[in-house]
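Visitor: I'd like a close look at one part of this protein, the sheet and whatever packs on it. Could you walk me through that, and then show me how the charged pairs fit in?

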Amino acid sequence: MSQWERLMKLPTAFTQQLHDLYDREGLPMDVRHYLSAWIESQQWQRAANDYDLAMVLFQVLLENLDIQYSRFVQEEFFLMQHNIRRYKQNFQRYLENPCSLANTVYWFLEKEKEILKTADLAEQVRVLQVEQGGFETSTQCDLDRRMASLKNEVQCMEHTMMCLEEQQDEFDFKYQTYLLEAPLTDNPANPQQAKLQSLINKLNDRRKNTLSGLNKLLDRAEDLIDALVNKEIVQWQRRQQKCCIGAPDRVCLDQLEKWFTCVAESLFQVREFLSKLEELAGKVTYERDPVKAQKPFLQRKTEKLLSDLLKSSFVVETQPSMPQGKGPLVLRTGVQFFVKTRLLVKFPELNQSMKVNVSMDRETPQIKGYRHFNVLGTTSKALTMSESQSGGMVADLRHLNLKEQKSGGGGGKGANDICLSVTEELHIIYFNTVFSLKGMSVELQATSLPVVIISNSSQQQSAWASVLWFNMLSQDTKDVMFFANSPVATWPQFGELLSCQFLSATKRGLNDAQLEMIAHRLFGKQQNYDFCSVAWSTFSKENSPDTFWVWFDSIVVMVKTYLENMWRDGLIMGFVSKCKEKILLKKKQRGTFLIRFSESVIGGITFSWVENTATGDPEVKTIQPFTKNDLSQIPFHEIIRHFLILKDVPQNPLLYLYPNTPKDEAFGKYYADKSGNDSPYLKYIRTRLVFVLKGDTQEAVPHMTTDVEEGEVLQPMNDPCGEAAGQIEDSLEPHLVNYCVDPMLCDTVAISGEDLMYPPNSNHFFDSEIFIE
C-alpha cells in the first residue's frame, strides 16, 4: 500500500492533520493525490541538491499535469480542468530554481510520514486500552464515514452549481444574441429558435437535477442531525451525569464539535446554493420553472435543520462546581462557583461575538417552602476560542455566586403539600445566547444539571448524597421534583455508584468481594443480590446521622485523606464482615492479619490477627477502630509497624498481611526509616501502652513506660469515639505498674484491641499520646 493510500485510510483526527498540512502553499493536495504513485517513486531528497535531476523532475511534473488535464477534458470534469491548469501555472515559478521545488516536495513527504507514525502509535495505544468497546468504535467510524460522504456531496454540488451557471450563461448569451439578430417576424421553423429551445430544455433538466441533488443532500444531513441530536448528544449528557458522580466515562467534546461543525458548514453552504439558484432564476426564468416551485420548500427545510442543530449544539461542558466542594452540583450561598458552556458549532468568525447570560429557575415548582435564588457576579461573558485548550467556543464563567431571595409567600398560591428538605431541593441554572451568522439568527439555551444549594458546610454530605442519587437514577435533567417521589435503586446500579466513589477518590474501585459484603450488610444473606433494591430513605435522609451514606462516605473520606496509597496498592481488604474475617484468618498461620473498616464506628478502621491458644487452636483478635482523629497524629502504617503486646516477652503479633505477605515487605516502602529507631512519629511519644497477659489467668493489665520528666503531668486525650479518657478512668481505675522495657524495644508501641476477650475486671487505659480504645 502506498504512503498516500495509507494516509487516506487514517481516522478523522489524523486526516485533519493532513488537511492542515496541505493548507500550506507549495504542493496542492490535488496534485499529490492524482500523481501520488509518481511522486513517491522519485528521489526528491537527492534532487534538492542536484540541479540536473531537479530540472528533469520539474519537467516530468509539468508533463504529468498535462496528461491529467487531458483526462479531465475527456471526462468533462470542468472544475478539475480549471484547477490543474492553475496549478501548472503556479509551478512555473520554479523554472529557474527546480531544487527548491524538490526540497518542498521532500518536506511534504516527510511530514506525511510523521503523521503516519503518530497514527500508528495511537493505534497501538488504542489496542491496549480495553475499556473502549467495539460498538462505540464502530459507531464513531460510521459517523466519520457519513460526515466525509456529506462533505463530498457538498463539494460535488458546488461543482454542479458552477456547471449550472455556465450552462445558463451560455443560453443567456445565445438568447440575447438571437434577440439582436432575429428577424422581426416569428418563424417557427427558424433553426435558431429550435437550438434555443433545446438549450432551455437542457437548462430545465439541469435545474431539476440540481434541486433533486439538494433535497437528497438535505435528507442526508437530516439523518446525521437525528443521530447527533437524538443519540450522540443524549449519550454524552448521560456520560456527563455519571462522570459527575465518579464514573470514569469519557466526556470530551472535541469529536462532537467536529461532527456538529461539519453538518453546520454543509447546511450553510446549502443556503448559499439556494441563494445562488434564486439569483439565477432572477436572471433567467420561464413557465413551470422548478426553482420557483421547489426553492421555498428547500429553504424552509434547510432553516429548520440548521436551527435544530444549533439549538442542540449549546451545552454545559463543565457543570457548576465550587473550588473546594465535595463534588460538582453542590453550591453554597455566598461562595463562588464556576461553570463552563460550549458551542459545538465552531465558526472562528463568531469568536467573542456571542454573549452568554446566566439566570436561575425559570419555572420553579409550586412547593411550600421552596427557595428562590439570584445569580450574582459575572453573569455575562462572551464565547471565545482563547479559553479552550482545543480552541473550542467556550464561555468560562468563574466568578458566580448565589443569594437567596427573601420572600414570605411560603411557596405562593397553589403550593402543594409536598415537603422537601433543603438538600432535596433541586435547582437549574440557565444559560442563554444568540447565534447570528450570514442572516441566520437563532436563540440558544443550555441548562445545568440540577444543583443542590446549601447555606452551611454541615449540609454538604447530605447534598452530595442527593446529587449522587439523582444522577444515578434520572435521565430527565430538568426533573426538579425528583425527590417528591424518588425511585429505588437496584443493587447493580447502587454497587456501581459505590465503587465509583472509591474510584474517583483513590483511583481504585471496589471488587466483587467487597461489594458482596456491603450487599450483605444491606440485605442480609442472599443467593443473588441483583434483584434487591435500595430506597432513598435507606441511603440518606437529612437529620439521620446513622444512615448508610454517612457510614460509607466517612470511610471514603478517611481513605482519601490518610490511606490512599495503601488502598490503591491493595493492602486494605476494607469491606469484610467480622464473620468472614474469622473464617479467612483461622485458616492461616499465626501472625496473619488483615485490615478492615469498622461496621460500628463511623469512619473507623481496624485490623485483626490470628494467634494460637495454649491448646494450639487458632484465635482471632481485633483492635478497637482508629478514626481520623487518630490517623491525623500517626500514620496507620507506623501503628502497624510498632504495634506490640507484652506477654512474657514483648512481641508484635502482626507478621503476615493476608494472605501471606511478610509485613515489612507489604508496608516497608511507607516506613519513615528502615530501622525504626529514629522514627519522627515516636520521637515525641511520652508514654506507650502494652497489654500483659498474666500466665493462664487471661487478665489484661496495662503497663506503661514513660520518659516524662519530673514535674510533668500526663493528660488523657479523647478516645476515637469522642469520649474523654478520664470518663473511663473514673469507672475503671487503671493499675499502673513499673515495667522495665528492654532498651532495644524502647521505641515500640503497643495498642489495645477491639474484640480482645477481657475478663470483667480487666483494666485498659487511654494513653496520652497514642489514642487507643
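Guide: Start with helix α17, residues 548-568, which lies across strands β13 (592-597) and β14 (605-612). Keep in mind that this is a predicted model. Relative to β13, α17 runs at about 145°. There's a second helix to look at here: α18, residues 578-585, packs on the sheet too, where it touches β13, β14 and β15. Its direction makes about 165° with that of β13.

Stay with α18 for a moment. Its buried residues are Glu581, Leu584 and Leu585. These residues cover an arc of only 90° around the axis, so they sit on the same side of α18. As a reminder of helix geometry, there are 3.6 residues to a turn, so positions three or four places apart point the same way. And what do the buried residues of α18 pack against? They pack against β13, β14 and β15.

Now the sheet itself. It's an open one made of five strands, in the order β15-β14-β13-β18-β19, with mixed pairing. At the edges you'll find β15 (618-622) and β19 (661-662), each of which pairs on one side only. Strands in a sheet are held to one another by backbone hydrogen bonds, in either a parallel or an antiparallel arrangement.

Take the β19 edge. Strand β18, residues 656-657, pairs with β19 in the antiparallel sense, over two bridges. If you want a pair to click on, try Tyr656, whose bridge partner in β19 is Pro662.

Over at the other edge, β14 and β15 run antiparallel and are joined by five bridges. One residue to pick out is Glu611, whose bridge partner in β15 is Glu619. The hairpin of β14 and β15 has five residues between the strands, and in it Gly616 takes a positive phi near 90°.

Glu611 has another partner as well, through its side chain: it forms a salt bridge with Lys621, and the closest N and O atoms are 3.5 Å apart. Glu611 belongs to strand β14 and Lys621 to strand β15, so this pair ties together parts that are 10 residues apart in sequence. Are the two ends of that salt bridge buried or exposed? Glu611 is buried, with a relative accessible area of 7%. Lys621 is buried too, at 11%. The cut-off for calling a residue buried is under 20% relative accessible area.

Back to α17, since the sheet isn't the end of its story. Helix α14 (residues 491-506) also meets it: the two axes come within 9 Å and cross at roughly 40°. That crossing is right-handed. On the α14 side, the contact is made by Phe494, Leu498, Gln501, Phe502, Ala505 and Thr506. On the α17 side, the residues include Phe548, Phe552, Ile555, Val556, Val559 and Trp567, along with Lys560, Glu564 and Arg568.

Since you asked about charged pairs, here's how the rest of the chain looks. Side chains of opposite charge can pair when their charged atoms come close. A search of the whole structure turns up 32 salt bridges. One of them joins Lys88 to Asp66, with the closest N and O atoms 2.6 Å apart. Lys88 is in helix α7 (residues 78-91) and Asp66 in helix α6 (residues 51-74), so the pair ties together parts 22 residues apart in sequence. Lys88 is partly exposed, at 24% relative accessibility, and Asp66 is partly exposed at 34%.

For a salt bridge inside one helix, go to Lys111 and Glu114, where the closest N and O atoms are 3.7 Å apart. Both residues lie in helix α8 (residues 98-128), three residues apart, which is about one turn of the helix. Lys111 counts as partly exposed at 28% relative accessibility, and so does Glu114 at 46%.

Last stop: where do salt bridges link up into a network? Have a look at Glu165, Lys276, Glu279 and Lys283, which are linked in that way.

How values were computed: Residues are numbered from 1 along each chain as its sequence is written. This is a predicted model: local features need pLDDT of at least 70, side-chain atom pairs count only at pLDDT 80 or more; totals for chains, interfaces and linings use all residues. Side-chain values use heavy atoms; hydrogens and water are left out. Two strands pair if DSSP finds at least two bridges between them. Helices (H or I, at least four residues) and strands (E, at least two) are DSSP runs, numbered from the N terminus. Contact means heavy atoms within 4.5 Å. Axes are lines fitted to C-alpha atoms, for helices over the stretch in contact, and angles run from 0 to 180 degrees between N-to-C directions. A salt bridge is a side-chain nitrogen of Lys or Arg within 4 Å of a carboxyl oxygen of Asp or Glu. Buried means under 20% relative accessible area, exposed over 50%, partly exposed in between (1.4 Å probe, protein chains only). The arc is that of the directions from the helix axis to the C-beta atoms. A crossing is left-handed if the near helix is turned anticlockwise from the far one by less than a right angle, and right-handed if clockwise.
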